[in-house]
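Me: Could you walk me through the ligand site in this one, and then one residue outside that topic?

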Amino acid sequence: MKMLVACYSYTGNTLKAAEALQRLIGADLTRIEALKDRWYLFKAYYAIKEKKVPIKPCITDLKDYDGIIICCPVWAGKTPSAVNEYLSKLENVRGKKFAILITSGGGKQQKASVRIKEQLEKCGARYIDMLRILEKDINNDEYLKKVESFAKKF
Ligand SMILES: Cc1cc2nc3c(=O)[nH]c(=O)nc-3n(C[C@H](O)[C@H](O)[C@H](O)COP(=O)(O)O)c2cc1C
């Protein structure tokens with residue numbers, strides 16, 4: 001199964017987990033990056049409002065892949081705006097598998113993951129699983145065990 005790991009990471013936590021996953025399953029990795037950085041409060045506000053912001057070029061066409069794993073942090077309980085934009089740009093999603101890897105400081109990750117799941121299911125993709133990782137687990141390497149067990153699904 002050829003998977004694409006699409007990762008948004010502002011401070012590096014999600015990227016650490018995404019890169020470990022990518023290595024374990026031999027996937028390609030594409031970085032989702034906002035074209036412009038914004039102040040913390042704008043980041044949170046845009047996330048709450050479910051806005052989209054322009055992103056740098058990255059892989060958005062899934063024609064060469066069996067599926068995609070969206071990796072991102074929780075912002076204000078929701079998904080970062082760059083991820084909202086990325087999801088809207090995806091092509092050839094129908095029939096592909098998808099999974100989600102979410103990191104957070106400790107709060108609920110529910111709304112962020114639900115939004116990604118709904119968006120991709122609306123485009124005809126098939127949900128496999130979700131992995132939630134807390135920031136404290138990234139810092140003490142506990143995340144590796146979780147990522148290893150998650151990787152067995154691909
Ligand atoms: C703008 C902003 C909003 C955040 N909002 C939340 C939140 O609502 N709940 C939470 O648990 N963590 C929140 N966090 C913490 C991040 O989700 C957490 O640190 C995550 O692991 C960061 O991933 P990254 O290093 O890949 O960017 C927020 C961080 C930022 C920068």
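Reply: Below we go through the ligand and then Leu29. This is a predicted model, in which local features need pLDDT of at least 70 and side-chain atom pairs count only at pLDDT 80 or more, while totals for chains, interfaces and linings use all residues. Residues are numbered from 1 along each chain as its sequence is written, and side-chain values use heavy atoms, with hydrogens and water left out.

Me: Which residues come nearest to the ligand?

Reply: There are 19 residues around the ligand, and those that come nearest are Ser9, Thr11, Thr14, Val74 and Gly107; a residue counts here if one of its heavy atoms lies within 4 Å of the ligand.

Me: And what does the backbone of Gly12, Gly77 and Gly105 do there?

Reply: A backbone N or O atom of Gly12 is 3.0 Å from a ligand oxygen, a polar backbone atom of Gly77 lies 2.8 Å from an oxygen atom of the ligand, and one of Gly105 lies 3.0 Å from a ligand nitrogen.

Me: How much of the ligand does the protein bury?

Reply: The protein buries 85% of the 650 Å² that the ligand exposes when taken alone, with areas from the Shrake-Rupley method and a 1.4 Å probe.

Me: What classes make up the shell?

Reply: The shell has eleven polar, six nonpolar and two charged residues, with Gly counted as polar.

Me: Switching topic, is Leu29 buried, exposed or partly exposed?

Reply: Leu29, in strand E2 (residues 28-32), counts as partly exposed because its relative accessibility is 26%, where buried means under 20%, exposed over 50%, and partly exposed in between (1.4 Å probe, protein chains only).

Note on methods. Polar contact = N/O pair within 3.5 Å; in protein donor to acceptor, adjacent residues only side chain to side chain. Helix = DSSP H or I, 4+ residues; strand = E, 2+ residues; numbered from the N terminus.
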